[in-house]
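Dear colleague,

I am handing over the structure that we spoke about, and my notes on what was found in it follow below. Please read them with the sequence and the model open beside you.

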Number of protein chains: 2
Amino acid sequence: MRFSKQRELIKNIVQETNSHPTAYWIFNKAKKKISNISLGTIYRNLNKLNKDGIIDIFYDNNIARYDWNTLSHDHLKCNKCGKIIDVKMHTKELQKEVWNQYKFETENIEITISGTCKKHMNFKEK
Amino acid sequence: MRFSKQRELIKNIVQETNSHPTAYWIFNKAKKKISNISLGTIYRNLNKLNKDGIIDIFYDNNIARYDWNTLSHDHLKCNKCGKIIDVKMHTKELQKEVWNQYKFETENIEITISGTCKKHMNFKEK
DNA sequence: GTTAATAATAGTAATCATTACTATTTAAAT
DNA sequence: ATTTAAATAGTAATGATTACTATTATTAAC
Ligand SMILES: [Mn+2]
Ligand SMILES: [Mn+2]
Ligand SMILES: [Zn+2]
Ligand SMILES: [Zn+2]
């Protein structure tokens, strides 16, 4: 794989945010540095970076989100503000349990918990 | 909500399979009974049935799948044969932990484990 | 430094899943 | 039977992503 300033930029944009951005968000950010960068270039490179293990992809409903954090982890998604937060909820235990109960060989575990984050909660009393 | 034979058929198709079908699969199945049923009718009714709590929707990568099983449960997805199997992996414990650690109010928990099912595994010895 | 080979790009067209629109049909209350 | 509005079929539109293609740019060899 040969160097390109577009790919370098895209990689940096993903690695500098915790927001689990979409391709379109990355596209708009990238345009500020390379004004004529194309959306196809964004997608092509995000997929390439993912295949090389540089970044992660996961799907939030029907749209892809990109994650600098390639270590196995989980997500809390707030239905009020849309924020997606990294958490660590599952352990090697779960993988063992899946093997013991179902003889299923785990490759990847994804836990997504949706609900309301503390910022957007209405407390009964103050 | 008024009766319609289209909705009745769609509901029955979803409730008679464990395959977590896509809208398109349901469409083809439905056409065998009502040959001119439209794909829009499939989607409209699947969404309606979901809003009424009759069926569940979840996303497998970027495509919607429909589930007769509306009780909270998890899925094993085999990367070899594509089969998606119902399992029960999470308990109320997890919800409590999310609250204690993050003050996050859980609405829904989704665990998807991908890997290889026992049918498609190569055992080292017989 | 120049040349040659080809990976990567910008711009655009195409695809796939899903939703929106609209004239017509149909369930069901009166 | 008449009336009212929910539901439908058929089609158009949308949004996310991938495919295509002529041009540009990186890198290795000379
Ligand atoms: Mn993350
Ligand atoms: Mn299920
Ligand atoms: Zn929030
Ligand atoms: Zn399998």
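**The interface between the chains**

Chain A and chain B bury about 2,900 Å² between them, with 64% of that area on carbon and sulfur atoms; buried area here is the accessible area (1.4 Å probe) that two parts lose on being put together, summed over both. Please bear in mind that this is a predicted model, in which local features need pLDDT of at least 70 and side-chain atom pairs count only at pLDDT 80 or more, while totals for chains, interfaces and linings use all residues. Residues are numbered from 1 along each chain as its sequence is written, chains are lettered from A and ligands numbered from 1 in the order in which they are written, and side-chain values use heavy atoms, with hydrogens and water left out.

The interface brings 33 residues of chain A into contact with 33 residues of chain B, contact meaning heavy atoms within 4.5 Å. Of the area that chain A buries against chain B, 22% is supplied by A:Met89, A:Tyr102 and A:Phe104, more than by any other three residues. Zero salt bridges are found across the interface of chain A and chain B, a salt bridge being a side-chain nitrogen of Lys or Arg within 4 Å of a carboxyl oxygen of Asp or Glu.

A turn of 180° with a shift of 0.0 Å along the axis lays chain A on chain B with an RMSD of 0.1 Å, the copies being superposed by least squares on the C-alpha atoms of residues with pLDDT of at least 70 in both. This is the relation of a two-fold axis, and the same surface serves both copies, since 100% of the contact residues of chain A recur in chain B.

One residue to look at is A:Ser114, found in strand β5 (residues 105-116) of chain A; strands (E, at least two residues) and helices (H or I, at least four) are DSSP runs, numbered from the N terminus. Leaving aside residues up to four places away in sequence, A:Ser114 touches A:Lys77 and A:Asn79 as well as B:Phe104, B:Glu105, B:Thr106, B:Glu107 and B:Asn108.

**The manganese sites**

The manganese ion (ligand 1) has as its protein donors A:His20 (NE2), A:Asp67 (OD), A:His73 (NE2), A:His75 (NE2) and A:Asp86 (OD), which lie 2.1 to 2.3 Å from it. Donors are N, O and S atoms within 2.8 Å of the metal (3.2 Å for Na, K and Ca), and water is not among the atoms, so sites may look incomplete. A:His20 is buried, with a relative accessible area of 3%, where buried means under 20%, exposed over 50% and partly exposed in between (1.4 Å probe, protein chains only). A:His75 is also buried, at 8%.

In chain B, the manganese ion (ligand 2) is coordinated by B:His20 (NE2), B:Asp67 (OD), B:His73 (NE2), B:His75 (NE2) and B:Asp86 (OD), at 2.1 to 2.3 Å.

**The two domains of chain A**

Chain A is divided into domain 1 (5-67) and domain 2 (74-119), with bounds that come from an automatic or database domain assignment. Domain 1 and domain 2 of chain A bury about 480 Å² between them, 46% of it on carbon and sulfur atoms. One salt bridge is found across this domain interface. A:Lys77 forms a salt bridge with A:Asp60, with the closest N and O atoms 3.0 Å apart.

Best wishes
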